[in-house]
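Please have the sequence and the structure open as you read this note. Each point can be checked by eye.

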Amino acid sequence: MRVPMATGAAASQVVGLPEKRCHNLYEEPNPNDPDKPFVLVETPGSLRRNTYAAACRGMWQADGFSSGKVLVAHGSTLATFDPATNTAGTLTGFLPGTDRGDVSFAENGAVLLFDGKMAFSDGTYVRRATDGVLDDPNLVIGSTTTAVATGAFDYSINGTTYSKAAVAAGTAPGNDVVPLGKYGAVALDIGADGTIDAIEAPANATGYATASAASAALPVPADAHIRIGYVTASKSDGAFTFGTTALNAANTTVAYSDSAVNEAFSDLLTDAGATAYTSVATLGQRVLATYKNRFMFGTVGTSFDTLRTTSAINYYTAEQSPDDIIAGRVLGELYYLFNTKTIEVWGQTGSSDDPMSLQQGMTQQIGCACRDGIVATDNSLFFVDDAFNVRRLGQGGSPIISEPWVSRKLREAGATSIVGKTYEDGGHIFVSYRTPDGCYIFDVLTNRWHTRGTNLTDTWRYTDIVTASARVFVCDDTGQFDEMSRDYASESMADVSTMGTEIVREFTAFMSGAPDSYPVTSVRLESAKGIGLATGQGSDPIVRMRLSVDGGNTWTSRRDRKLGAVGVYDQRTVWRRNGRTGLQGMLLQFQKSDPVKCAYLGVVVNED
């Protein structure tokens, strides 16, 4: 008699009902054997790639950003990992807070959100969106005519406001010599110490054909500095020497460009009575960010500077309900607002003045529980609704895909503890929901749920997953950064031959139809055999079984059976003298932890 194996997991609803266990295993179709249409295969292990200094706050990757490197936020640092060379690096800049981040990519850069504060990056540095001058600095010729004067102004760096008194005499703009008829450029930057620095364009000595070309060549401000403005200069009757030639000398063309006053990102929050942004996205090269019941939009990012430009009037309000916005997410050409009670869909209009419009007839009366539970995969969005059901976004309706036990587990964990992630493997698309108390995985291929966990812990260690260059990378809440693959037999292996943390795999089979006191003389596990390693743990691998006749309230002790040393392909894995079934049938639970690859095809009872 064949006993059905659990092809998914299900926690017991009440004490006395059997738990369905499929832990660190998942179902895979088995088309080669019509009598055994599926097998249980083992989840992947992982190999150590790097160790970061603090807990992971999120991972992201885009091929067109920072040369395709994986971004890893940990502590106050945004680090990188290059899959092409397996090397780690760091972007210049500072991440505020300790919360999980939110990142979206555009053609000309990335927008980041940490601690409710927006920042931007061009792939080399991170700069707070609110960094900049807060008053017009009024760049003009100084009383020293070879210098650039500045008026009194306030400026912000990393959320701190500083004041700079007027410099009437001016700041010397370097000493570069620009050839006759060519243009040069010098920027004036300031740091937290209030010192104004002259930053020269790199090719001033050979000159630029136009003033705009010269200004475009200016390097970005150094870390913890902002740009006050810049000056371009040219002389038609000889060389122009910055710091020596008077800025009002004959036959010179000098232009002063003040940096735009940057108060919009703060003003938008103040106007709404909000203190933080809640999510970021990009669509049509615009920055989109949600806060309270509004979302702001930026100017089309034809360059990185315009990507991070906005104004105090550029926002929309969620229209269908007065509920707050949990997050905004882009799918295709549409922007989905996940609100506390509704889902609204917005699209682009093509107008620069009124670029977004609500899509009529697409609003759903479904709320969202948390931003970090929204997962983009399989050309769709998966999310946790306000009743803690997992749903797949659909047109006109979003069907529930979570089983009741998953919904209960997510509700028990709470919205702030849920982290959703995804990856693909051999036709499977896995949607993962991790909490401190458990990790629940939905397989889009089979529509089954299973669980994953790290040995001797309540949940799976990895909080973040990202795919880059066809490789899957994971990171945990200690900063351990690993590569995940079925090639690895244990977790966080130091190298391919060194054992890491054991992966304990468990599944159940349930005899529900047998009469009370039915004798179970033998239980045979059908699985791969002869899979032992050459030496060490796993050279003679075992699987353990225990059983319960009262729905899992009490268990027998576990009994070990062999899976077969290397080459022993005819190994039988049989347990005899298993007692009799009870009124609640018999629940069989199998467990394996040896670091060998195995698959399980079925459980056969009383074949003798």
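The points below go through helices, strands, salt bridges and cysteines.

1. **Status of the model.** This is a predicted model. Keep that in mind for every value below.

2. **Helix α2.** Start with the helix at residues 264-272. Which of its residues are buried? They are Ala264, Phe265, Leu268, Leu269 and Ala272. These residues cover an arc of only 140° around the axis, which puts them on the same side of α2. The general rule helps here. An α-helix has 3.6 residues a turn, so residues three or four places apart point the same way.

3. **What lies over α2.** Several strands help cover the buried residues of α2. Among them are β12 (117-121), β27 (286-291), β28 (294-297) and β29 (315-317). Now look just past the helix. Gly273 has a positive phi there, about 70°.

4. **Helix α4.** Go next to residues 404-413. The buried residues of this helix are Trp405, Val406, Ser407, Leu410 and Ala413. Their cover includes β35 (380-384), β36 (390-392) and β38 (428-435). It also includes β39 (438-443) and β40 (448-452). After α4 comes Gly414, with a positive phi near 95°.

5. **Strand β4.** How many of the 5 residues of β4 (residues 38-42) are buried? The count is 5 of 5, so the strand is largely enclosed by the rest of the structure. Phe38, Leu40 and Glu42 point one way from β4. Val39 and Val41 point the other way. Buried residues therefore sit on both sides, Glu42 included. In a regular strand the side chains alternate between the two faces of the sheet.

6. **Partners of β4.** Strand β3 (residues 25-29) is joined to β4 by 5 bridges, and the two run antiparallel. One pair to find is Pro29 with its bridge partner Phe38 in β4. Strand β50 (residues 599-605) also pairs with β4 in the antiparallel sense, over 2 bridges. There, Val41 has Ala599 of β50 as its bridge partner.

7. **Thr232.** This residue is in strand β23 (residues 225-235). Is Thr232 buried or exposed? Its relative accessible area is 6%, so Thr232 is buried; the cut-off for buried is under 20%. Leave aside its neighbours within four places in sequence. Thr232 is then in contact with Gly184, Ala185, Ala211, Ser215, Thr253, Val254 and Ala255.

8. **Arg21 and Glu506.** The structure holds 32 salt bridges. One of them joins Arg21 to Glu506, with the closest N and O atoms 2.7 Å apart. Arg21 lies in the loop between β1 (2-3) and β2 (22-23), and Glu506 in strand β44 (residues 505-511), so the pair ties together parts that are 485 residues apart in sequence. Arg21 is partly exposed, at 21% relative accessible area. Glu506 is buried, at 9%.

9. **Asp372 and Arg100.** Here the side chains meet in a salt bridge with an N to O distance of 4.0 Å. Asp372 is in the loop between β33 (356-358) and β34 (375-377). Arg100 is in the loop between β9 (87-90) and β10 (102-106). The two residues are 272 residues apart, so this pair links distant parts of the chain. Arg100 is buried, with a relative accessible area of 17%.

10. **Arg486 and Asp425.** This salt bridge is 3.1 Å, N to O. Arg486 lies in the loop between β43 (480-485) and β44, and Asp425 in strand β37 (residues 419-425), so the pair ties together parts that are 61 residues apart in sequence. Arg486 counts as partly exposed, at 29% relative accessibility.

11. **A network.** Some salt bridges are linked into a network. Its members are Arg2, Lys36, Arg524, Glu526, Arg572 and Glu607.

12. **Cysteines.** How many disulfides does the structure hold? The count is 0. Take Cys475 and check its closest cysteine sulfur, in Cys56. The distance is 4.0 Å, too far for a bond, because a disulfide needs the sulfur atoms within 2.5 Å. Cys475 is buried, at 1% relative accessibility. For Cys368, the closest cysteine sulfur is in Cys370, 5.9 Å away, and that is also too far for a bond. Cys368 is buried too, with a relative accessible area of 3%.

Conventions:
Residues are numbered from 1 along each chain as its sequence is written. This is a predicted model: local features need pLDDT of at least 70, side-chain atom pairs count only at pLDDT 80 or more; totals for chains, interfaces and linings use all residues. Side-chain values use heavy atoms; hydrogens and water are left out. Buried means under 20% relative accessible area, exposed over 50%, partly exposed in between (1.4 Å probe, protein chains only). Helices (H or I, at least four residues) and strands (E, at least two) are DSSP runs, numbered from the N terminus. The arc is that of the directions from the helix axis to the C-beta atoms. Contact means heavy atoms within 4.5 Å. Two strands pair if DSSP finds at least two bridges between them.
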